[in-house]
Amino acid sequence: MSNSVSVANENGVAIVTIDNPPVNALSFHVREPLMQALVALRDDAEVAAIVLACAGRTFVAGADITEFGKPVQQPDLRAVVALLETIAKPTVAAIHGTALGGGLELALGCHFRVANTGARLGLPEVKLGLLPGGGGTVRLPRLVGAVKALRIIVSGTPVGAQEAHGAGLVDAVFEGDLTAHAVNFAREIARKGGPFTPVRDRDDLLKETDLATFDAEVVDLARKARGLEAPIACAQAVRNAVTLPFDDALAAERALFVTLVASDQSRAQRHLFFAEREAAKLPGKDTPKRRIGRVGVIGAGTMGGGIAMAFANGGFAVTLLETSQEALQRGLGMIEKNYTVSVARGSLSEDAKRDRLAQFKGSTDYADLADCDLIIEAVFEDMAVKKEVFGKLDAIARPGVILATNTSYLDINEIAASVSRPQDVLGLHFFSPANVMKLLEIVRAEKTAPDALATVVDLARRVGKVAVVVGVCHGFVGNRMLAARGSESEALLLEGATPGQIDKAFTDFGWPMGPFQMGDLAGLDIGWRNRKARGLTAVISDTLCEQGRFGQKSGRGFYLYEAGARAGVPDPEVEALIREKAAERGIEPRAIGADEIIERTLYPLINEGAKILEEKIAARASDIDVVWVNGYGFPIGKGGPMFWAGLEGAAKIIERLEYWHQRTGKDVFKPAPLLKRMAETGSWDGSAAA
Ligand code: 3H9
């Protein structure tokens with residue numbers, strides 16, 4: 001046999017084992033021997049049943065994503081599944097770990113599926129801008145019903161073994177040696193005798209489909225798709241499974257898959273899949289890690305509390321420190337409230353809530369942080385305050401403890417220089433709410449030790465964060481680029497655009513919300529305080545704040561919010577204020593189109609990204625994309641700002657930046673040299689096309 005596929009025979013039951021580390025993807029070098037093995041076993045009179053299993057940590061986690069966009073080498077997955085369905089003796093997929101995408105589709109080609117208790121099954125293709133292209137949209141509805149299949153396929157979220165069992169996707173769930181159980185299961189089934197019906201021929205559940213309910217769900221998901229094509233295609237394919245004969249629905253699925261796999265959106269989403277994994281890689285991957293048991297968090301406000309929850313959720317013991325008992329109790333109370341909400345939503349059990357809360361120890365005494373292995377401060381954003389905190393930590397922390405700051409802007413080299421152990425100091429920039437938002441900017445200061453950095457990169461993964469290592473500069477990667485994106489916001493207002501028009505240009509682009517909606521949600525006072533501290537002004541935003549209009553929390557900001565409403569409505573007072581301030585400056589309002597809004601906001605964003613790359617604040621363009629998609633809501637279907645720059649065309653971006661630079665004289669529009677190189681080579685690192 002081959003290295004990737006082997007066959008064993010246990011008293012008449014053949015066990016076919018796929019072994020393609022790390023995740024048993026269905027690469028060509030797996031499909032080819034798998035096909036050969038299955039043909040041989042089909043025709044082998046000595047074999048009564050076939051178990052399909054995997055070596056290593058998981059069942060097949062999908063097609064090999066690296067093969068997409070290249071010519072398909074036969075046999076493709078569909079051919080393997082079709083062959084499985086020609087086998088008359090019982091076939092059983094033995095699923096451990098994850099059966100995802102093409103992996104689950106392979107299992108759907110079997111007559112039966114058995115799983116161990118920890119297994120998860122799903123069709124996550126939608127997250128790659130695709131639909132299941134190996135028959136998943138046509139076979140899954142036959143087992144679990146069309147509406148349930150629609151939900152699984154469009155969400156892309158795997159279901160656990162027990163749920164899959166309840167839904168009819170899995171035939172038995174076992175604890176212990178799965179292969180042994182699967183062999184017994186197969187032998188027993190074979191003994192009872194057939195005929196065994198392939199999934200393709202099981203139409204009973206489909207006939208019960210209520211298409212009106214189905215279509216109502218599709219309307220809802222089309223609204224939520226925000227311009228993404230894949231969820232809509234997924235829904236269409238599942239509907240076809242109900243309304244068309246099997247082979248026609250399968251052919252339609254294939255046609256949709258072929259279109260999607262060549263689309264910019266899928267290319268963008270596949271780029272992000274690999275970008276996230278690449279971002280977590282550091283040079284010197286064998287760097288030893290420090291042991292982290294207990295984590296200390298200083299400050300129990302929104303940020304500190306969220307950070308503490310993120311670590312508790314990741315299984316760590318947490319010491320939460322505040323300056324007074326009152327503030328501490330308030331913080332702990334907020335944490336308990338958040339967990340209570342999770343229980344009410346059904347995402348956490350009462351027992352798990354109790355266990356989580358038991359992981360917290362509250363204190364008002366720095367000495368209680370002495371047994372922590374990592375201490376993160378989330379105190380007021382002020383250099384003097386931060387240095388005072390670090391001074392205290394320097395006095396009590398054991399040698400080798402990692403000391404982290406959650407600063408969004410401050411110079412971490414300066415903070416590190418204020419302690420006796422700069423090698424242990426780094427930045428952990430969480431995004432609010434820190435227990436929910438996936439992004440973590442890990443800031444490497446000049447003297448940060450490689451093992452300290454490697455430790456927190458590893459830790460980030462363990463607490464479910466998408467980590468990106470960045471260098472020190474004002475605002476690091478995300479907030480520095482955000483400032484560039486926002487630099488023209490006020491100018492656009494003064495020249496004639498309304499907040500509503502600008503926000504709409506953003507949401508039409510695919511952002512979940514526009515800059516003014518975001519400002520109102522976050523609180524306009526935050527930026528106001530920041531500007532005042534740095535001696536900066538923004539005439540419209542500052543005036544709104546002076547009027548007590550801080551956004552949603554005060555019921556008024558750039559928009560008006562009815563009591564309790566989260567969506568604002570345009571406020572004529574704000575529009576009048578904008579016109580008044582424009583008139584004071586002698587600016588005649590003019591009509592401003594969406595194109596201009598995009599090029600004056602997003603092109604400077606990309607330009608700043610290019611400068612960040614030049615300065616080596618980010619190691620790769622794809623790291624910047626990961627920051628923007630996971631921390632700021634950049635549309636995944638566009639792959640992040642640096643990937644989108646490739647789609648938009650660097651030459652066009654430069655031409656428009658130069659135009660605006662000439663008109664305004666502003667530095668944000670001055671094209672970075674790296675952007676020019678991108679225009680010449682087609683890639684940010686000068687190697688291959690982006
Ligand atoms: C599909 O199936 C289409 C079909 O319907 C139709 C076909 C016609 N291919 O995530 P990890 C690599 S679409 C190639 O860190 P974990 C990954 O890049 C597919 N490579 O591990 C990484 O490489 P490196 C549908 C893959 O334990 C390494 O494996 N399936 C693939 O945290 C380890 O990955 C999916 O979308 C792949 N399919 O998580 C599932 N998968 O070490 C995608 C992983 O060089 N995969 N790699 O950086 C996952 O969700 C996670 O990898 C999994 C394990 C949960 C399985």
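Me: Why is Arg-549 called buried?
Reply: Its relative accessibility is 1%. The label goes by relative accessible area, probed with a 1.4 Å sphere on protein chains only: under 20% is buried, over 50% is exposed, and in between is partly exposed. So 1% puts Arg-549 in the buried class. Before we go on, this is a predicted model, where local features need pLDDT of at least 70 and side-chain atom pairs need 80 or more, while totals for chains, interfaces and linings use all residues. Residues are numbered from 1 along each chain as its sequence is written, and side-chain values use heavy atoms, without hydrogens or water.

Me: Where is Arg-549, and which residues is Arg-549 in contact with?
Reply: Arg-549 sits in the loop between α24 (539–546) and β18 (559–560). Those labels are DSSP runs counted from the N terminus: helices are H or I with at least four residues, strands are E with at least two. Contact means heavy atoms within 4.5 Å. Leaving aside neighbours within four places in sequence, the partners of Arg-549 include Leu-544, Tyr-559, Asp-571 and Val-574.

Me: What makes α24 oblique to α25?
Reply: Take the crossing angle: the axes come within 10 Å and cross at roughly 130 degrees. An axis is a line fitted to C-alpha atoms, for helices over the stretch in contact, and the angle runs from 0 to 180 degrees between N-to-C directions. Under 35 degrees is roughly parallel, over 145 roughly antiparallel, 65 to 115 roughly perpendicular, and the rest oblique. The pair's angle falls in that last group, so α24 is oblique to α25. The contact pairs Val-539, Ile-540, Thr-543 and Leu-544 of α24 with Val-574, Leu-577, Ile-578 and Lys-581 of α25.

Me: And what makes α4 oblique to α10?
Reply: Their axes come within 8 Å and cross at roughly 60 degrees. That angle also belongs with "the rest", so α4 counts as oblique to α10. The α4 side of the contact is Thr-137, Val-138, Pro-141 and Arg-142, and the α10 side is Ala-237, Val-238 and Ala-241. By class, that is 5 nonpolar, 1 polar and 1 charged. For the classes, Ala, Val, Leu, Ile, Met, Phe, Trp, Tyr, Cys and Pro count as nonpolar, Asp, Glu, Lys and Arg as charged, and the others, Gly among them, as polar.

Me: How do you know that Arg-151 and Glu-217 meet in a salt bridge?
Reply: A salt bridge needs a side-chain nitrogen of Lys or Arg within 4 Å of a carboxyl oxygen of Asp or Glu. Arg-151 and Glu-217 come to 2.3 Å, N to O, so they pass. Arg-151 is in helix α5 and Glu-217 in helix α9, so the pair ties together parts that are 66 residues apart in sequence.

Me: Why is Arg-151 called partly exposed?
Reply: Its relative accessibility is 47%, so Arg-151 lands in the middle class. Glu-217, at 23%, is partly exposed too.

Me: What about Arg-600 and Glu-488: buried or exposed?
Reply: Both are buried. They form a salt bridge as well, with the closest N and O atoms 2.7 Å apart. Arg-600 lies in helix α26 and Glu-488 in the loop between α19 and α20, so this pair ties together parts 112 residues apart in sequence. Shared partners join Glu-488, Glu-495, Arg-590, Glu-596, Arg-600 and Lys-666 into one network.

Me: How many salt bridges are there in the whole structure?
Reply: The search finds 51.
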